[in-house]
Amino acid sequence: MDQSNTMAPTQPRDVWAAGQAYEPYMGRWSRLVAREFVDWLALPSGARWLDIGCGTGALTQTIAARAAPAAVMGLDRSDGFVAFAGQDAGGRHIVFQTGDAQSLPFPDRTFDAVVSGLLLNFVPDPARAADEMRRVLRPGGTAAAYVWDYAGGMQLIRHFWSAAAALDPAAQALDEARRFPLCNPERLRALFGDCGFARTECRIIDVPTVFRDFDDYWAPFLGEQGPAPTYCGTLPDEQRIALTVATPPHLQRGRHRGCDPCPESHRTASVPEARAAACAGAV
Ligand SMILES: C[S@@+](CC[C@H](N)C(=O)[O-])C[C@H]1O[C@@H](n2cnc3c(N)ncnc32)[C@H](O)[C@@H]1O
């Protein structure tokens, strides 16, 4: 199966293939959002869940750990991510499989809850994915999703694109805040409402993104998974170095300068936040 997501013809191609590289870039922060999200949904135990666009399993595994499900299915288009997620599926009623969120390979009315984390803005037709969520839900079931608020509080991505655009005007068109207008509570609520979900509720979920040092912040951008790292991978060395220099000073506080051991001031962690918009509705 294709391991990338090709958006509309004018959209860039996003790479989703290497779970090992995705985890330190985005998976670790999505896992923090997933905890808040699953607790907020507060669905009864014994439910059958589907997590679409499950990636490396951040939300799927959180459901298994916190919601006492009867079963959880994680589905993603990326063979590499599904294989990575499957390494940690043991013994907790989790199954991972490849598939397309816009054409779910399940009969109508199969699940009690259908959820997604950081997916909906990456599918070419989010309304079609929402319709598919609705189709496979049982009567009384819950659909819910979260996306990063790229234009607002998803600070680590915001800082990256601000620095990139200052050096390279062409980067502006790749900025996820510009590419994904869906990513705020109002638009997410409208998507769910238009799809016919009842009793829609939306909220913001903020999580701290604490970095050990500058490398902990920067190295994941070199992993070439998702829009910002994919862009980074296209740059020649000198432009990548310029990008690190253009990173805001508060994120550079933990930057090592060849010292060993480092003074405490070089190890100071930088602490921006990541903000997600979440929405839930019922059939
Ligand atoms: C930002 S990642 C989110 C992964 C995971 N849910 C998380 O929260 O960390 C986006 C995921 O959506 C998947 N994806 C993109 N388009 C898809 C589609 N049409 N059907 C299924 N998965 C898709 C990608 O392969 C990738 O794993």
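Which residues are the closest to the ligand, and how many surround it? I started my notebook with this, keeping in mind that the model is predicted.

**Entry 1, the ligand.** I found that 24 residues surround the ligand, and that the closest are Trp16, Ser30, Gly53, Gly55 and Gly117. When I sorted the shell by kind of residue, I got 12 nonpolar, nine polar and three charged. I then looked up where the shell residues come from: helix 1 (19-41) and helix 2 (58-66) each supply at least two of them, and the largest share, three residues, belongs to helix 1.

**Entry 2, the nonpolar core.** I turned next to the largest nonpolar core, which has 80 residues, and noted that Val114, Tyr146, Val147 and Trp148 touch the most other members. Helix 1 gives the largest share of this core, nine residues. I followed up Tyr146 and, leaving out residues up to four places away in sequence, listed its contacts as Val33, Phe37, Gly117, Leu118, Ile205, Ala276, Ala277 and Ala278. One of these contacts of Tyr146, Gly117, I had already written down among the residues closest to the ligand.

**Entry 3, helix 3.** In helix 3 (residues 79-86) I marked Gly80, Phe81, Val82, Phe84 and Ala85 as buried. These buried residues pack against helix 1, helix 2, strand 4 (71-76) and strand 5 (94-98).

**Entry 4, helix 4.** Which residues of helix 4 are buried? For helix 4 (residues 126-135) I wrote down Pro126, Ala129, Ala130, Glu132 and Met133. Looking down the axis of helix 4, I saw that its buried residues fall within an arc of 160 degrees, so they line one face of the helix. I added a reminder to myself that an α-helix has 3.6 residues a turn, so residues three or four places apart point the same way. The partners against which the buried residues of helix 4 pack are strand 6 (111-117), strand 7 (137-148) and helix 7 (185-194).

**Entry 5, Gln225.** Is Gln225 buried or exposed? I located Gln225 in the loop between helix 8 (214-218) and helix 9 (227-233), and I recorded it as buried, because 29 other C-beta atoms lie within 10 Å, where 20 or more are needed for a residue to count as buried. Not counting residues up to four places away in sequence, Gln225 touches Val15, Trp16, Ala18, Ala21, Tyr22 and Tyr25. For Gln225 and Ala18 I also looked up the separation: they are 207 residues apart in sequence, yet 7.0 Å apart in space, C-alpha to C-alpha.

Terms used:
Residues numbered from 1 in each chain as written. Predicted model: local features only at pLDDT ≥ 70, side-chain atom pairs only at ≥ 80, totals over all residues. Buried ≥ 20, exposed ≤ 12 C-beta atoms within 10 Å, placed from the backbone. Arc of directions from axis to C-beta. Contact = placed C-beta atoms within 7 Å. Near = placed C-beta within 6 Å. Nonpolar A, V, L, I, M, F, W, Y, C, P; charged D, E, K, R; others polar. Core = buried A, V, L, I, M, F, W, Y, C linked by C-beta atoms within 7 Å.
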